[in-house]
Amino acid sequence: MSVYTQILYQIVFSTSTETKHYSKQTGNYFSVMSGVYWNKKKCTLYQINGVEDHIHIATHIHPSVALADLVKDIKVASSIWIKEKRIFPDFSSWQEGYGAFTYSIKEKDSLMYYIKNQKEHHKKISYKEEYIKLLNEHGINFDERYLL
């Protein structure tokens with residue numbers, strides 16, 4: 001029998017420091033993160049976007065791919081590219097952890113809209129406030145000392 005899944009993830013992670021890294025190169029940066037890699041992993045990327053200090057990704061992950069491995073590979077590949085291209089001079093690395101939240105496929109359009117509009121959203125709320133809100137909305141217990 002074949003394996004059928006429909007698990008919509010929102011993956012969120014930030015830079016390892018609170019340093020802002022916005023650049024006109026951000027579009028190219030997202031292209032690298034969303035390029036051939038997703039096809040190699042057989043994952044479906046629905047939306048990727050971010051602001052100066054963090055990234056949001058909406059994706060369906062193939063059942064053969066471990067979430068932790070996918071996030072690690074995205075961070076490693078994008079870190080190498082960022083450093084090689086020197087597009088964010090103050091970038092040192094991504095934070096060690098990440099958030100991964102599941103959604104019903106019925107929520108895909110609203111999740112994609114939310115991610116697409118990160119720049120507007122963050123005129124009103126900080127990354128830390130947003131992240132805490134996501135953790136609370138998904139019923140995740142956390143220790144605030146380890147958020148950033």
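Which residues of S1 are buried on one side, and which on the other? Leu8, Gln10, Val12 and Ser14 are buried on one side, and Tyr9, Ile11 and Phe13 on the other, so that both faces of S1 are covered. The views below start from the whole chain and then come back to this strand.

**View 1. The whole chain, a predicted model with six helices and four strands.** Welcome to the overview. This is a predicted model, in which local features need pLDDT of at least 70 and side-chain atom pairs count only at pLDDT 80 or more, while totals for chains, interfaces and linings use all residues. Residues are numbered from 1 along each chain as its sequence is written, and side-chain values use heavy atoms, with hydrogens and water left out. Helices (DSSP runs of H or I, at least four residues) and strands (runs of E, at least two) are numbered from the N terminus. Along the sequence, the elements follow the pattern β-α-α-β-β-α-β-α-α-α. Of the 148 residues in the protein, 41% are buried; buried means under 20% relative accessible area, exposed over 50%, and partly exposed in between, with a 1.4 Å probe and protein chains only.

**View 2. Confidence along the chain, with a mean pLDDT of 84.** The score pLDDT is the predictor's confidence in each residue, from 0 to 100. In this protein, 84% of the residues score at least 70. Among the elements, S4 has the highest mean pLDDT, 97, and helix H2 (residues 36-40) the lowest, 60. Where pLDDT is low, the predicted coordinates should not be read in detail.

**View 3. Strand S1 and its two partners, S3 and S4.** Here is the strand from the opening question. Seven of the seven residues of S1 (residues 8-14) are buried, so this strand is largely enclosed by the rest of the structure. Two strands pair if DSSP finds at least two bridges between them. S1 runs antiparallel to S3 (residues 54-60), and seven bridges join them. Look for Tyr9, whose bridge partner in S3 is Thr59, and for Ile11, which stands opposite Ile57. S1 also pairs with S4 (residues 99-103) in the antiparallel sense, over five bridges. Val12 has Gly99 of S4 as its bridge partner.

**View 4. Strand S3 and its hairpin with S2.** Is S3 enclosed or open? Seven of the seven residues of S3 are buried, so S3 is largely enclosed by the rest of the structure. On one side the buried residues are His54, His56, Ala58 and His60, and on the other Ile55, Ile57 and Thr59. S2 (residues 44-51) pairs with S3 in the antiparallel sense over seven bridges. These two strands form a hairpin with two residues between them. Thr44 can be found opposite His60 in S3.

**View 5. The largest nonpolar core, with 19 residues.** A nonpolar core is a set of buried Ala, Val, Leu, Ile, Met, Phe, Trp, Tyr and Cys residues joined through side-chain atoms within 4.5 Å. In the largest one, Ile11, Phe13, Ile57, Ile61, Leu70 and Ile82 touch the most other members. S1, S3 and helix H3 (67-85) each supply at least two residues of this core. The largest share, six residues, comes from H3. A second, separate core has 13 residues, including Ala58, Leu111, Tyr127 and Leu134. In soluble globular proteins, nonpolar side chains tend to be buried together.

**View 6. The second largest pocket, of about 200 Å³.** A pocket is found on a 1 Å grid over the protein atoms alone, as an open set of points where a 1.4 Å probe fits, with protein on both sides within 12 Å along at least five of seven lines; lining residues have an atom within 4 Å of a point. Grid points are joined across faces, edges and corners, and the volume is the space filled by probe spheres set on the points. Among the lining residues are Gln10, Tyr103, Glu107, His121 and Ile125. Helix H4 (108-116) and helix H6 (127-137) each supply at least two residues of the lining, and H6 gives the largest share, four residues. The lining divides into five nonpolar, three polar and four charged residues. Ala, Val, Leu, Ile, Met, Phe, Trp, Tyr, Cys and Pro count as nonpolar, Asp, Glu, Lys and Arg as charged, and the others, Gly among them, as polar.

**View 7. Asp90 and Phe91 in the loop between H3 and S4.** Asp90 counts as exposed, at 53% relative accessibility, whereas Phe91 is buried, with a relative accessible area of 7%. Asp90 and Thr17 are 73 residues apart in sequence, and their C-alpha atoms are 9.5 Å apart in space. Phe91 and Thr15 are 76 residues apart along the chain, with 7.6 Å between their C-alpha atoms.
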